[in-house]
Amino acid sequence: MFNTIIRKNYDEVSSEAFKIMKEVVTGKKNAVLGLATGSSPVGMYKKMIADHNSNGTSYKDCLTFNLDEYVGLPKSHDQSYYTFMHENLFSGIDVPEENIHIPDGSAADEKQACIDYETELKKHTVDIQILGIGSDGHIAFNEPGCPFASETHLMDLTEQTRKDNARFFDGDIDEVPTKAITQGLASIMRASKIVLIATGANKAEAVYNMIHGPKTESCPASILQDHKDVTVILDEAAASKL
Ligand code: GLP
């Protein structure tokens, strides 16, 4: 069952997501936060930083687990998700560096890095998982066709996803990595609460398929139909096909 919230614009969407995040963080001292990259959560991250600065909301006892990371980019690359998270969130709040978990996209043994990440993740229960959605219905980097039972694994990125993400690489698709390490769909489903943020008309079809389409591995996000606590926060454009 989806709890769907539709708001006029990105700022209002971000405020709704932030409200839920703050409830979780202030409601539990050692909250475990599942975090996402992409442009969708950035507005919420800005509000978390502003609230931390003005109200002192603290993340010092939180643990964070990110969803995914490109394979082959060093952490220091300006488009690695490690850099993205530090620039857009971690540098502005007080979460200790040792509490932050992001898959290691530059590990020598990529398969082992997946196993290690899933092992660490399984020691905890994610209290709130933030998600965006790809225009092809992917969540994290679980592309269409990815098994619902998947745990952290290596994924070949589709042409569509690399095209969508080329805007972060000066528009040059050849610069976008071809592989990523991603939490699997089963890993994501273990979170107690999920908040999915989607804005813009290019997400409308994926949002429709997630909520009303058949539950099928060709729309990875449709697995969320089976989760007990999913809030989907949309602007009017992303909700236009519902
Ligand atoms: C990437 C990320 C996803 C994200 C998606 C949508 O592929 N791996 O986690 O949800 O992009 O990104 P955006 O929010 O920028 O539209």
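**Reading helix packing, cores and buried residues**

User: How are helix 1 and helix 2 oriented to each other?

Analyst: In this predicted model, helix 1 and helix 2 are oblique to each other. An angle counts as oblique when it falls outside the ranges for roughly parallel, roughly antiparallel and roughly perpendicular. Here helix 1 packs against helix 2 (residues 42-55) at about 55 degrees, and their axes are 8 Å apart. The crossing of helix 1 past helix 2 is right-handed.

User: Which residues make the contact between helix 1 and helix 2?

Analyst: Helix 1 contributes Tyr 10, Asp 11, Ser 14, Ser 15, Ala 17, Phe 18, Met 21 and Lys 22. From helix 2 come Val 42, Gly 43, Met 44, Lys 47, Met 48, Asp 51 and Asn 55. Sorted by class, this contact has seven nonpolar, four polar and four charged residues.

User: How should a nonpolar core be read, and how many residues does the largest nonpolar core have?

Analyst: In soluble globular proteins, nonpolar side chains tend to be buried together. In this structure the largest nonpolar core has 75 residues, and Met 210 and Leu 224 have the most contacts inside it. Helix 1 (residues 10-27) supplies the largest share of this core, with seven residues. A second core, separate from it, has five residues, among them Val 71, Ala 107, Cys 114 and Ile 181.

User: Which residues is Met 210 in contact with, leaving aside neighbours within four places in sequence?

Analyst: The contacts of Met 210 are Phe 2, Ile 133, Leu 196, Cys 219, Ala 221, Ser 222, Leu 224, Gln 225 and Val 232. Leu 224, a partner of Met 210, is also named with Met 210 for having the most contacts inside the largest core.

User: Is Val 176 buried or exposed?

Analyst: A residue counts as buried under 20% relative accessible area. Val 176 has 2% relative accessibility and is therefore buried. Its place is the loop between helix 5 (159-165) and strand 8 (179-182). Not counting residues up to four places away in sequence, Val 176 touches Tyr 70, Arg 162, Asn 165, Ala 166 and Phe 169. Of these partners, Asn 165 is 11 residues from Val 176 in sequence, with a C-alpha to C-alpha separation of 7.2 Å.

User: Where does Thr 64 lie, and which residues does Thr 64 touch?

Analyst: Thr 64 lies in strand 3 (residues 63-66). The relative accessible area of Thr 64 is 2%, so this residue is buried. With residues up to four places away in sequence not counted, Thr 64 touches Leu 33, Leu 35, Phe 90, Val 95, Asn 99, Ile 100 and His 101.

Terms used:
Residues numbered from 1 in each chain as written. Predicted model: local features only at pLDDT ≥ 70, side-chain atom pairs only at ≥ 80, totals over all residues. Heavy atoms only, no water. Core = buried A, V, L, I, M, F, W, Y, C linked by side-chain atoms within 4.5 Å. Buried < 20%, exposed > 50% of the residue type's maximum accessible area, 1.4 Å probe, protein only. Helix = DSSP H or I, 4+ residues; strand = E, 2+ residues; numbered from the N terminus. Contact = heavy atoms within 4.5 Å. Axes fitted to C-alpha atoms, helices over the stretch in contact; angles between N-to-C directions. Parallel < 35°, antiparallel > 145°, perpendicular 65-115°, else oblique. Left-handed = near helix turned anticlockwise from the far one by under 90°. Nonpolar A, V, L, I, M, F, W, Y, C, P; charged D, E, K, R; others polar.
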